[in-house]
Amino acid sequence: MQSPRERSEVRPRAGWMVMGKRGRPSALDVCRVLALFLVLFPSVSLQCKILKCNSEFWASTSNSGPEEEFCTALRAYNSCVRRTARTCRGDLAYHSAQHGIEDLMSQHNCSREGPTSQPNARTPLPPPPPPLLPDSQERSDGPEVCHYERSLPRNTAGPNYTHCGFFGDPHLRTFGDDFQTCKVEGAWPLIHNKYLSVQVTNTPVVPGSMATATSKLTIIFKNFQECVDQKMYHAETDELPAAFADGSKNGGDRHGANTLRVVEKVPGQHVEIQARYIGTTIVVRQVGRYLTFAVRMPEEVVNSVEEGDNQDLYLCLHGCPANQRINFRNFKARAAEAHSAGKTRSGTAAHGFTYQSAKAKCKERLPVEDLYFQSCVFDLLSSGDINFTMAAYYAFEDVKTLHSNSKRYHIFEKDAFMNNAAPRSKDFLSLLFLNVLAVFLWIGSCTVHL
């Protein structure tokens with residue numbers, strides 16, 4: 001059995017790539033080629049829905065069946081791809097799918113004319129999935145290295161779990177429990193270590209406003225020993241899949257594949273990804289038009305930095321850059337001042353909400369006036385989107401599920417201020433020390449001259 005230190009030294013294969021088998025093209029090869037294009041050109045998935053067509057085809061051909069059923073699934077796949085022609089024309093993934101379909105139809109002698117769905121009488125219902133067992137009773141054919149807690153040395157303290165959340169307009173709770181409100185428009189990395197990478201893309205909520213929210217999320221789980229193949233999970237607005245980009249729901253064909261799996265909690269709204277081989281749980285939600293992200297991860301995994309990698313830009317670890325942060329106190333003061341004058345920053349009620357009406361609405365879901373409550377008020381005033389109330393509510397619910405310290409569920413404004421002020425306090429003390437030292441040296445020099 002390997003120690004945690006030995007586990008952390010094992011390097012996954014570099015790069016974001018999709019593994020495939022050589023030889024004659026197959027449905028599996030087509031899906032993997034498409035997944036590769038989605039990694040290399042992630043903007044494709046925002047412009048067209050090839051990912052959805054790919055997943056549906058994978059699901060319908062995952063179990064071997066009669067040639068007739070395969071041709072039916074292939075025609076359905078072709079129809080799905082053709083429906084995306086207007087938005088996907090010119091995209092490499094779209095053209096790759098077209099060529100792949102042509103090759104498969106030729107190989108399997110499929111006619112372009114015919115049914116695109118199986119007759120109801122000929123399609124037996126799939127058997128119900130086996131019940132999920134608790135971790136201690138899960139099938140034991142996976143090696144211990146694929147179960148994070150089991151791989152730790154016996155008679156040692158359990159791992160220290162940390163939490164990071166990203167939600168709303170957007171608000172960030174770092175692994176160190178620092179709470180920030182940020183601008184961060186465009187693509188930004190949340191997490192990057194030896195085991196996985198997470199990137200979000202934030203888009204403006206209201207034209208001309210600094211308010212942004214997450215419209216796309218990409219998670220890469222890297223190859224790890226005999227446990228899992230490299231897997232990509234990709235979600236975007238109105239597309240919250242219940243599977244990885246290649247259509248699978250676990251870590252692939254390796255011995256410990258079931259220690260990585262996607263579990264759909266609420267279709268289209270709530271997905272949980274369990275990565276037990278690294279002791280990690282990820283929650284992805286769509287609330288209104290935007291996505292939220294929350295993770296529970298052992299401190300050892302958080303700090304498993306690639307050699308020579310600069311971690312300064314990874315938001316969950318170090319927070320947003322100083323020039324991307326929004327001062328919560330200043331915003332609150334301006335909002336209260338505008339309310340007392342009967343106006344908001346724009347001169348009228350901000351998108352239908354005044355400071356007091358926003359507080360009242362947030363109070364319905366978040367009775368404690370902590371920073372989740374303040375985030376809700378901020379989002380209603382800056383965007384007017386009532387769904388941000390639920391985004392803050394679910395972000396706090398995820399904290400209660402994922403955070404290991406119940407005394408740290410709530411973060412209040414004074415706590416955030418102290419966290420942000422701590423570095424400045426150290427700088428101030430250093431400067432004070434240097435000034436005092438300079439005074440003593442000056443006094444000493446004067447004494448010598450006298």
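Buried here means under 20% relative accessible area, exposed means over 50%, and partly exposed is what falls in between (1.4 Å probe, protein chains only). Helices (H or I, at least four residues) and strands (E, at least two) are DSSP runs, numbered from the N terminus.

With that in hand, start at strand S7 (residues 231-236): six of its six residues are buried, so the rest of the structure largely encloses this strand. Both faces are covered, with Lys 231, Tyr 233 and Ala 235 buried on one side and Met 232, His 234 and Glu 236 buried on the other.

A word on the model before going on. This is a predicted model, where local features need pLDDT of at least 70 and side-chain atom pairs count only at pLDDT 80 or more, while totals for chains, interfaces and linings use all residues. Residues are numbered from 1 along each chain as its sequence is written, and side-chain values use heavy atoms, with hydrogens and water left out.

**Around S7**

S7 runs antiparallel to strand S6 (residues 212-221), and six bridges join the two; for strands to pair, DSSP has to find at least two bridges between them. In this pairing, Lys 216 sits opposite Glu 236. Lys 216 is also 8.9 Å from Thr 203, C-alpha to C-alpha, with their positions 13 residues apart in sequence. Thr 203 belongs to strand S5 (residues 196-204) and is partly exposed at 26% relative accessibility. Setting aside residues up to four places away in sequence, Thr 203 touches Ala 211, Thr 212, Ala 213, Ser 215 and Tyr 290, where a contact means heavy atoms within 4.5 Å.

**The whole chain and its cores**

Zooming out, the chain has 15 helices and eleven strands, and 48% of its 450 residues count as buried. Of the contacts with a separation of 6 or more, 60% are between residues 24 or more positions apart.

Next come the nonpolar cores (sets of buried Ala, Val, Leu, Ile, Met, Phe, Trp, Tyr and Cys residues joined through side-chain atoms within 4.5 Å). The largest has 46 residues, and Phe 221 is one of those with the most contacts inside it, along with others including Ile 219 and Phe 293. Strand S11 (residues 290-298) gives the most to this core, with four residues. Apart from it lies another core of 20 residues, among them Cys 362, Val 377, Leu 381 and Ile 411. Beyond its neighbours within four places in sequence, Phe 221 is in contact with residues including Asp 229, Lys 231, Phe 244 and Ile 282.

**Salt bridges**

What about charged pairs? The whole structure has ten salt bridges, each a side-chain nitrogen of Lys or Arg within 4 Å of a carboxyl oxygen of Asp or Glu. Here are three of them.

| Pair | Closest N to O |
|---|---|
| Asp 229 and Arg 254 | 2.6 Å |
| Asp 238 and Arg 289 | 2.5 Å |
| Lys 400 and Glu 397 | 2.9 Å |

Asp 229 lies in the loop between S6 and S7, and Arg 254 in the loop between S7 and strand S8 (260-266), so this pair ties together parts 25 residues apart in sequence. Asp 229 is buried, at 17% relative accessible area. Asp 238, in the loop between S7 and S8, and Arg 289, in the loop between strand S10 (280-287) and S11, link distant parts of the chain, 51 residues apart. Arg 289 is partly exposed at 46%.

Lys 400 and Glu 397 both lie in helix H14 (residues 387-402), three residues apart, about one turn of the helix. Lys 400 is partly exposed at 36% relative accessibility, and Glu 397 is partly exposed at 23%. Elsewhere, salt bridges that share partners join Arg 173, Asp 177 and Arg 408 into one network.
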